[in-house]
Amino acid sequence: MNEQFQVLLADGSVMENVYAAGLDCSGVLYSEKKPYVTYGGVDQGFAFTSGRLAGANAAAAVMG
């Protein structure tokens, strides 16, 4: 995923018209060894925030 929440292919290129939000892009919240946060519910807040941002970016892409 990039800063616009677009899904990236294995080679790093953008998958056109595909956006990720919520737990599908929560790699910013967790490392392979330990979560950045250790309390429950943080993924729900990120789901709302990332969904809003991904939706805004998708709408902007459609509108041109």
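Which strand does Tyr-19 lie in? I looked that up before anything else, and Tyr-19 turned out to lie in strand β2. I kept in mind throughout that this is a predicted model.

**Entry: confidence**

I checked the pLDDT values next. The chain averages 82, and 73% of its residues reach 70 or more. Among the elements of the chain, β2 has the highest mean, 94. The lowest mean, 89, belongs to helix α1, which covers residues 42-63.

**Entry: the chain as a whole**

I counted one helix and two strands in the chain. Reading along the sequence, I get the pattern β-β-α. The chain has 64 residues, and buried ones make up 20% of them. About 4,800 Å² of the chain is exposed, with carbon and sulfur atoms supplying 57% of that area. I also looked at contacts between residues at least 6 apart in sequence: 40% of them join residues at least 24 apart.

**Entry: the hairpin**

How do β1 and β2 run, parallel or antiparallel? I found them antiparallel, joined by two bridges. The two strands form a hairpin, and five residues sit between them. In the turn I noted Gly-12, whose phi is positive at about 90 degrees. Across the pair, Gln-6 stands opposite Tyr-19 in β2.

**Entry: Gln-6 and Asn-2**

Gln-6 lies in strand β1, residues 6-8. Is Gln-6 buried or exposed? Its relative accessibility is 18%, so I put Gln-6 down as buried. Leaving aside neighbours within four places in sequence, I found Gln-6 in contact with Met-1, Val-14, Val-18 and Tyr-19. Gln-6 also has a polar side-chain partner: its side chain makes a polar contact with the side chain of Asn-2, at 2.8 Å.

That sent me to Asn-2, which lies in the segment before β1. Asn-2 counts as buried because its relative accessible area is 17%. A polar atom of the Asn-2 side chain lies 3.0 Å from the backbone nitrogen of Gln-4. Not counting residues up to four places away in sequence, Asn-2 touches Leu-8 and Val-14.

**Entry: two positive phi values**

I then went looking at backbone angles. Most residues other than glycine have a negative phi. Phe-5 is a residue other than glycine with a positive phi, near 70 degrees. I located Phe-5 in the segment before β1. With a relative accessibility of 9%, Phe-5 is buried.

Asn-17 is not a glycine either, and I read a positive phi of about 60 degrees for it. Asn-17 sits in strand β2, residues 14-19. Is Asn-17 buried or exposed? I have Asn-17 as exposed, because its relative accessibility comes to 67%. I also noted a partner from further along the chain: the C-alpha atoms of Asn-17 and Ala-58 are 7.3 Å apart, although 41 residues separate the two in sequence.

**Entry: back to Tyr-19**

Which residues does Tyr-19 touch, not counting those up to four places away in sequence? My list reads Gln-4, Phe-5, Gln-6, Val-7, Ala-54, Asn-57, Ala-58 and Ala-61. Tyr-19 is partly exposed, since its relative accessibility is 23%. I also took the C-alpha distance from Tyr-19 to Asn-2, which is 9.5 Å for a pair 17 residues apart along the chain.

**Entry: Gly-51 in the helix**

My last stop was Gly-51, which lies in helix α1. Its relative accessibility is 32%, so Gly-51 counts as partly exposed. Which residues does Gly-51 touch, not counting those up to four places away in sequence? I found Ala-21 and Phe-46. From Gly-51 to Tyr-19 I read a C-alpha separation of 9.2 Å, with the two residues 32 apart along the chain.

How values were computed:
Residues are numbered from 1 along each chain as its sequence is written. This is a predicted model: local features need pLDDT of at least 70, side-chain atom pairs count only at pLDDT 80 or more; totals for chains, interfaces and linings use all residues. Side-chain values use heavy atoms; hydrogens and water are left out. Helices (H or I, at least four residues) and strands (E, at least two) are DSSP runs, numbered from the N terminus. Buried means under 20% relative accessible area, exposed over 50%, partly exposed in between (1.4 Å probe, protein chains only). Contact means heavy atoms within 4.5 Å. Accessible areas come from the Shrake-Rupley method with a 1.4 Å probe; for residues, only the protein chains shown count as cover. A polar contact is a pair of N or O atoms within 3.5 Å; within protein, one must be able to donate a hydrogen and the other to accept it, and residues adjacent in sequence count only if both atoms are side-chain atoms. Two strands pair if DSSP finds at least two bridges between them. pLDDT is the predictor's confidence in each residue, from 0 to 100.
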